[in-house]
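Here are some short exercises to help you find your way around a new structure. Try each one yourself before you read the solution.

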Amino acid sequence: MREKLGIGQQLYQALASMKLSVFIFLTLAACSLVGTLLPQGITEHELHTRYAPSVAHLIEYLGLNDLYHTGWFRLLLLLLAVNLIICTTQRLPKTMKQLKQRDDLIRPEKLTKFAHNQQINSPLSLAEVESRLATVISSEFGPIRRLEESEAYVGIVETGRWSRWMVYVVHLSVLLILIGALLGSLLGYKGYMNIAEGGTSQEVRLYRGNASITLPFKVRCDDFEVSYYDTGAPKEYRSDLTILDDDEAVLSRAIIVNDPLSYRGVTLYQSSYGAILKQAEVKLQNNDTGKTHQFILSFGETQSIPGSSDKVQIVDYQQNMGQFGPAVGIALFREGQEPVGSWILVKMPQFHGNRIDNYKVNVISTEDGYYTGLQVKKDPGVWVVYAGFIAMLLGIGMTYYTSHRKLWIWAGPAEFDQSSTRIIVAGRTNKNPIAFESDFNQLCHRLQNDLEGV
């Protein structure tokens, strides 16, 4: 009766299962396909704009728009890493035993049962045969390691013994890639920042959730340029950036699409741009009192309306809103009340909607500018992944293009003529048997020519 395994042993066997390895690999492959086809890092607003509500909610619930930072994806990576470590540790003792195994006793009867074997009878003495065997075999295969025998000469030639370790190099490479991916998922981030010309920022909005992080340095946009095709479509846009570390300029560089800037492990990509309102001259008329106030309002700046506790602020701007031309989003702040706001059409001052609560609002003039949209990415595990890929290429290459070859050579007095010598050569390989057979036959042909003559 089979002994019942404990929970720990059952878990260990489950984690060591090849079925689990295949399942995780296929699941990760499917996830990677989804992550490739589905745009990553898109905001919640973009998600609901592109897809139907039910699809958008499913994507958001599973985190497919930021797949590589989800908890369940990290769990899959961790499970595969644990599975690989357990499978490797189970196989390693067997490989160590094979590598330590030595042939202390070789009998000719055993060698004749090998798939590749050749018998040669030579009229030469055993001493002369030993000398010629060492010369020929060393030049064809490698040096002979002689075993101590009482009556006969026994030698072994082994090449590519270390090739058995290449499978573990491949295992290590996969483990490095998994560790690098986990490091990038846990410690890395991906977000965006918009900086107006001449402006400076170090705040990065992350794509997932509403979180933000502060960079250990500041980024200043010194200049932004955009060129257009004859059709009006943007041809190229470029940002001249300066990195400020402790408020000192340490790096200045222009970036364009597919030509990012990297500093202290953080990479800045040129991803978008847009128009921004620097300031506007605004006229407000209080419909209750008839008083009119006119002043210049900078974007994002809150300014009090003279003679009252009310305040106004420009909170948004569109160059062309619904084919009605430029529009300025202005908010009104009043004590004890929720802020209210409205879009004010610049080129349509008589539009009835140009009002906020009891104020009629006109935008007399605007000063436009550009902002540059930067994608910000940090992945501390990328170099570990690169190292893993290099190790994988080396391991796979050495696994497929090298093999463990072994030759056994026995030489002793002939059975019916003690003055002549009987030689048996046998060999085998763990892969590429066709090439080995050709080399083995070539070696035996040369040995016959050297040993059968006087």
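**Exercise 1.** Leaving aside neighbours within four places in sequence, find the residues that S201 is in contact with in this predicted model.

*Solution.* Start by locating S201, which sits in strand 5, residues 200-206. Next, skip the neighbours within four places in sequence; the contacts of S201 are then M193, I195, K218 and V219. Finally, look at the side chain of S201: it reaches the backbone nitrogen of E203 at 3.3 Å.

**Exercise 2.** Decide whether S201 and S131 are buried, partly exposed or exposed.

*Solution.* Take S201 to begin with. Its relative accessible area is 17%, and buried means under 20%, so S201 counts as buried. Now turn to S131, a residue of helix 7 (residues 126-140). S131 has a relative accessible area of 42%; exposed means over 50% and partly exposed lies in between, so S131 is partly exposed.

**Exercise 3.** Work out how far apart the C-alpha atoms of S131 and Y317 are.

*Solution.* Along the chain, S131 and Y317 are 186 residues apart. In space, their C-alpha atoms are separated by 93 Å.

**Exercise 4.** Place W165 in the model and name the surface patch that includes W165.

*Solution.* First, find the loop between strand 3 (153-159) and helix 8 (166-187); W165 is there. Then check its accessibility: at 33% relative accessible area, W165 is partly exposed. Last, gather its partners: W165 joins L92, M96, W162 and M398 in a nonpolar patch on the surface, with about 410 Å² of accessible area together.

Conventions
Residues numbered from 1 in each chain as written. Predicted model: local features only at pLDDT ≥ 70, side-chain atom pairs only at ≥ 80, totals over all residues. Heavy atoms only, no water. Helix = DSSP H or I, 4+ residues; strand = E, 2+ residues; numbered from the N terminus. Buried < 20%, exposed > 50% of the residue type's maximum accessible area, 1.4 Å probe, protein only. Polar contact = N/O pair within 3.5 Å; in protein donor to acceptor, adjacent residues only side chain to side chain. Contact = heavy atoms within 4.5 Å. Patch = residues over 30% accessible without salt bridge, like charges linked within 9 Å, V, L, I, M, F, W, Y side chains within 5 Å. Areas by Shrake-Rupley, 256 points an atom, 1.4 Å probe, with all protein chains shown as cover. Salt bridge = Lys/Arg side-chain N within 4 Å of Asp/Glu carboxyl O.
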